[in-house]
Amino acid sequence: MREPLITLTCDCGTTVEIGYGKVWTCDSCGKTWDTNRIPASEYGALVAAVRRYRLLVLGPPVVMAAVLIPLSVLSGLQYAFLLFVLIMGYGLLAVPQLRRRSAAQMQKSTKSWKLRPE
Ligand SMILES: [Zn+2]
């Protein structure tokens, strides 16, 4: 699973998105930034929030499919139709709410870290 990227803004205004643990040297001014200076526990909290959101969005449709696809094979296509309706309903009704809540949460928990150039 891809880890969330960190947006790094250099003193000169250049912005780059890099993974945690990477060291980046700015192309325009040559300063070097080390994301290892971000406390691992704080980055870990961000990763956990992203994982929780993905699990909430992807988990229920996967479970529904795991139950209803075998049923539709064994007992008829009405279950495939039911699966389609459930997944559409979930995507249209539940996912936007989850996304909103998760975005608000992340905004609250995501700090902007002040790093020093090396
Ligand atoms: Zn720079």
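A residue counts as buried when its relative accessible area is under 20%, as exposed when that area is over 50%, and as partly exposed in between. The exercises below apply this scale, among other criteria, to a predicted model.

**Exercise 1. The nonpolar patch and Leu92**

Task: Determine which residues form the nonpolar patch on the surface, and decide whether Leu92 is buried, partly exposed or exposed.

Solution. Begin with the membership of the patch: Phe81, Phe84, Val85, Met88, Leu92 and Leu93 form it, and together they have about 670 Å² of accessible area. Next, place Leu92 in the fold, where it belongs to helix H2, which covers residues 78–109. Finally, apply the scale: the relative accessible area of Leu92 is 61%, and since the cut-off for exposed is over 50%, Leu92 is exposed.

**Exercise 2. The zinc site**

Task: Identify the residues that coordinate the zinc ion, name the arrangement of the four donor atoms, and locate Cys10 and Cys29 in the chain.

Solution. The first step is to list the donors, which are the SG atoms of Cys10, Cys12, Cys26 and Cys29, found at 2.2 to 2.3 Å from the zinc ion. The second step is the geometry: the four donor atoms subtend angles of 103 to 116° around the zinc ion, and because four donors count as tetrahedral if all angles lie between 85 and 135 degrees, the arrangement is tetrahedral. The third step turns to the sequence, in which the donor residues follow the spacing C-x1-C-x13-C-x2-C. Cys10 and Cys29 link distant parts of the chain, for Cys10 sits in the loop between strand E1 (6–9) and E2, whereas Cys29 sits in the loop between E3 and strand E4 (32–34), 19 residues apart. As for their surroundings, Cys10 is buried at a relative accessible area of 4%, while Cys29, at 37%, counts as partly exposed.

**Exercise 3. The aromatic pair**

Task: Classify the aromatic pair formed by Tyr20 and Tyr43 from the distance of the ring centres and the angle of the planes, and state which parts of the chain the pair links.

Solution. A search of the whole structure finds one aromatic pair. The ring centres of Tyr20 and Tyr43 are 4.3 Å apart and the ring planes meet at 15°, so the pair is stacked, given that planes under 30 degrees apart count as such. In the chain, Tyr20 lies in the loop between strand E2 (15–18) and strand E3 (23–25), and Tyr43 lies in helix H1 (residues 40–75), so that the pair links distant parts that are 23 residues apart. The accessibilities complete the description, with Tyr20 partly exposed at 26% and Tyr43 buried at 4%.

**Exercise 4. The salt bridges**

Task: Find how many salt bridges the structure holds, and work out which parts of the chain are tied together by Lys31 and Asp11 and by Arg37 and Glu118.

Solution. The structure holds two salt bridges. In one of them, Lys31 pairs with Asp11, and their closest N and O atoms are 2.9 Å apart. Because Lys31 lies in the loop between E3 and E4 and Asp11 in the loop between E1 and E2, this pair ties together parts that are 20 residues apart in sequence. Lys31 is partly exposed at 30% relative accessible area, and Asp11 is exposed at 51%.

The other salt bridge joins Arg37 to Glu118, with the closest N and O atoms 2.6 Å apart. Arg37 lies in the loop between E4 and H1 and Glu118 in the segment after H2, so this pair ties together parts that are 81 residues apart in sequence. Arg37 is partly exposed at a relative accessible area of 48%, and Glu118 is exposed at 52%.

**Exercise 5. C-alpha separations**

Task: For Val57 and Ala94, and then for Leu71 and Arg100, set the distance along the chain beside the distance in space.

Solution. Val57 is in helix H1 and is buried, with 16% relative accessible area; the C-alpha atoms of Val57 and Ala94 are separated by 8.3 Å, although these residues are 37 residues apart along the chain. Leu71 likewise lies in helix H1 and counts as partly exposed at 28% relative accessibility; the C-alpha atoms of Leu71 and Arg100 are separated by 33 Å, with their positions 29 residues apart along the chain as the stated separation.

Technical notes. Residues are numbered from 1 along each chain as its sequence is written. This is a predicted model: local features need pLDDT of at least 70, side-chain atom pairs count only at pLDDT 80 or more; totals for chains, interfaces and linings use all residues. Side-chain values use heavy atoms; hydrogens and water are left out. Rings of Phe, Tyr and Trp (its six-membered ring) pair if their centres lie within 6.5 Å; planes under 30 degrees apart count as stacked, over 60 as edge-to-face and the rest as tilted. Helices (H or I, at least four residues) and strands (E, at least two) are DSSP runs, numbered from the N terminus. Buried means under 20% relative accessible area, exposed over 50%, partly exposed in between (1.4 Å probe, protein chains only). Donors are N, O and S atoms within 2.8 Å of the metal (3.2 Å for Na, K and Ca); water is not among the atoms, so sites may look incomplete. Four donors count as tetrahedral if all angles lie between 85 and 135 degrees; four count as square planar and six as octahedral if opposite donors are over 155 degrees apart and all others between 65 and 115; anything else is irregular. Patches are made of residues with over 30% relative accessible area and no salt bridge: like charges are joined within 9 Å, nonpolar side chains (Val, Leu, Ile, Met, Phe, Trp, Tyr) within 5 Å. Accessible areas come from the Shrake-Rupley method with a 1.4 Å probe; for residues, only the protein chains shown count as cover. A salt bridge is a side-chain nitrogen of Lys or Arg within 4 Å of a carboxyl oxygen of Asp or Glu.
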